[in-house]
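Please open the structure in your viewer and keep the selection tool at hand. The tour below proceeds from one selection to the next.

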Amino acid sequence: MAPKSSATGRERTTIEEDDVLQAIILADSFNKRFSPLTQHKPRCLLPVCNAPLLDWTFESLALAGVQEIFVVCRSHAELVKAVIKNSKWSKPSTGLKIVPIVTAKETFSPGDAMRDIYTHGIITSDFVLVTGDLTNKDAIMTMVVKESGARHRTRSRAESAVFVVDPKTSECLYYEAVMGYPPKKNDLIDCSIDVCSVEVPSLFQDNFDYGDLRRDFVHGVLMSDLLMKNIHCYIAKDGYAARVKDTRSYDAISKDILSRWTFPLVPDDNHPGGHSYEHIRGNKYIAKDNTVALSRTCKIGNNTLIGSQCLISDNAQILSSVLGQRCTIGAGSVIRNSYLFDEVVVGPNCAIEYSILAAGVQVKDGSRIEKGCLVADGVVIGPQARLKPFERLSRRLLEKKHDHEQEEDGGEENEGEGEEGDEDEDDEESEDDDENQDPEALKRLGPGSNAVIWPQPSINEDEEIDEVEHPTNLRLMRLGIISSLTNDLPPHRKYCTGDDTSDLYLSDAGSETSESDSDDDDHFDDSDPSSSVTSLPLADTSNLVQQADEAAFIEFQHEVELSLDRAFAEGHSVDNASVELKTLRMAHNVPLRRVREAVVAAIVNQIKIVEGGGPAQRQEIAAVVSRWGALIDKIGGVDATETIEVLQECCASSERLPLFGQILAALYQEDVVEEDDIRAWHKKPQSCGDDQKSATLQNNFKKCWNAGAFMIKQFDEQESDEESDEEDTATSAPSTRTTTTTQRESSEESDDEAEESEEDGVGSDEASENESE
């Protein structure tokens, strides 16, 4: 007789019905990084590529197999409920149950929210805290982290972490939060996705000092000898996962969506907002409903999305930007790396870069909005307005109160929204008090403007402040900052997008970053932010088109760097990496040499500098070149002489100058360049560097040229030895053996000479002088 089952059929059905995968979304941000955009709506409802961030989260969770979602919110709860009610995921046919949970007004941190979740008793099994596996009964959480390149744009410069993970069990042995300032080493990207056991909310309830999920809860559990609980890490090598933490990550994730790194969640397929877009070469997305009016002379750049019913006038340029629905762009205006929400109107001859403009904003004729600006709903500025970098604008307090009273008089539709919403993210009404405005500053906003300027974040010495929200650290979270990790790149590979924060990256024993080696000493100052080399000037408007073209090329360089960083980190094949580079080249229509410059520079920077050099350094170079050297020719248009020229330019302007000769030798060994190519490069007058404007570059080019001369000398000696071998072979066999032995000894002496010359610099000056004579 077969053994009895442990559960009857009815019991099994009940178990299966109860065993649903639950998820919790913390809809509140508990910070003010997006202010004033979040004065009247929570961050989770801000549009990302024209769909609310909350809808992107629903889409991702549904693809992961989640069946029940609890949305925990405190501020603007009515708005969140309305979005959930109107979402396609609320329909019974989707098989997804979404329940909004309004928490108490005393909820001021993620820890408070978790305690409130415990009080509600809604969690019945393991749940996703906005996919990984639990490995044993004592593991209460699995954190999802993502591998990435060091310069990946979604990697936070301000708030990161160090994870110590057991490679066999994936158990997290140690966790430490890392702030951007002061600088320290960072590790994996924290995706802020956790798979939690049912015990997690109760641990928050038992420990009221747990406020932050990582710095308090994870660190506290791992350091506790009493809890005896484990936390694991799931290192995601494929797929895409990232969190919109601040305006900088908002920009990075939007760019990733437009670049199709988030496939299958892309604008032209599975768009969470239900919009329909046509995908055009160069990652341009235009609404499919035939309501977009584009002037014949306007320019739509790559990585751009334009919503329905938009009007783009003559000679206007939209570059790497997102336009919401019903936007109007005046003639001759340039919109670059910016995000315009619905119904934004931009007048003629305006310039907007690296900024976010909320719904209903009006920018009148001839206005300039510099990098990093945030402009709240309904603000009117101009004509001839001038916004300084990183300024934040909102409507005047009296006007907002008047509009709010009209909304309350309009009915019960928004009842309770204002009181609760104003209290949360924004006790900020006091920050933009009309009485505290500088009259001279308001004049810059143009006549008839209804805006006020928010003060820059300041430090109160008597007030305790979260290290993450420290004003200095917040600078690293803003849209328009320059990645500090570009400071160690040569000048021709640096991309500038705003505040370079170079004054924050001080020398630190545990830091991977260093002070900028740039010749200029233009550090950032909160009172007078310095403009980047690619910023649109406030005074001169005659070269907007030229600047926009240059900015588009810099954007291409950045895309190539990100593509190669990902290829290096994820171990792509050379063929796959070359296909992606060819696609980028066609999309941006740039010369092949520019692609070669980016590829050579990426490979060179992939080579680690070994202290002491010698054989270990040569092995490192050989390993990288043998793995990726073939990529240089795979991109098309094989030109070995040009490859050496590009290598010389790259090494001459970077700290890898002493490695030029060794890298060139490795490329020769891998047949990427031939002897004739080296000789042809060496004969060119510009290879000596005499045409370089900088004395430093002239000297560095000369060193590379000397290293080439040393290799050519070796080629000549080898040819001479071969000729001697042929003569000796014709004479007698014994003498051949002697000659071979002599040749081997000569070769060893040549290697020793080469090593000595590498220790001195790049090559032997004396050898090159003899060669030139």
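How many residues has helix 13, and what distance does it reach from its first C-alpha to its last? In this predicted model, select residues 574–588: helix 13 has 15 residues and reaches 21 Å between its first and last C-alpha, close to the 21 Å expected at 1.5 Å a residue.

Within that selection, colour Val574, Ala577, Ser578, Leu581, Leu584, Ala587 and His588, which are buried. A general point assists in reading the pattern: an α-helix has 3.6 residues a turn, so residues three or four places apart point the same way. Then step to Asn589, which follows helix 13 and has a positive phi, near 55°.

Next, select residues 640–652, which form helix 17. Helix 17 has 13 residues, and the distance from its first C-alpha to its last is 18 Å, close to the 18 Å expected at 1.5 Å a residue. Is helix 17 largely enclosed or largely exposed? Twelve of its 13 residues are buried, so helix 17 is largely enclosed by the rest of the structure. The buried set includes the polar or charged side chains of Thr641, Glu642, Thr643, Glu645 and Gln648, and among its other members are Ile644, Val646, Leu647, Cys650 and Cys651.

Keep helix 17 visible and add residues 660–669, helix 18. The two helices pack at an angle of about 155°, with their axes 10 Å apart. Angles over 145 degrees count as roughly antiparallel, and helix 17 and helix 18 are therefore roughly antiparallel to each other. Helix 17 passes helix 18 in a right-handed crossing. To display the contact, show side chains for Ile644, Leu647, Gln648 and Cys651 on helix 17, which meet Phe660, Ile663, Leu664 and Leu667 on helix 18. By class, this contact comprises seven nonpolar residues, one polar residue and no charged residues.

Finally, hide helix 17, retain helix 18 and select residues 614–628, helix 15. At what angle do helix 15 and helix 18 pack? The angle is about 45°, and the axes are 9 Å apart; helix 15 and helix 18 are therefore oblique to each other. Helix 15 likewise passes helix 18 in a right-handed crossing. Here Gln617, Arg618, Ile621 and Val625 of helix 15 meet Gln662, Ile663, Ala666 and Leu667 of helix 18. The class count for this contact is five nonpolar, two polar and one charged.

To close, select Ile663 and Leu667 of helix 18: both meet residues of helix 17, and both also meet residues of helix 15.

Key
Residues numbered from 1 in each chain as written. Predicted model: local features only at pLDDT ≥ 70, side-chain atom pairs only at ≥ 80, totals over all residues. Heavy atoms only, no water. Axes fitted to C-alpha atoms, helices over the stretch in contact; angles between N-to-C directions. Helix = DSSP H or I, 4+ residues; strand = E, 2+ residues; numbered from the N terminus. Parallel < 35°, antiparallel > 145°, perpendicular 65-115°, else oblique. Left-handed = near helix turned anticlockwise from the far one by under 90°. Contact = heavy atoms within 4.5 Å. Expected span 1.5 Å × (residues − 1). Buried < 20%, exposed > 50% of the residue type's maximum accessible area, 1.4 Å probe, protein only.
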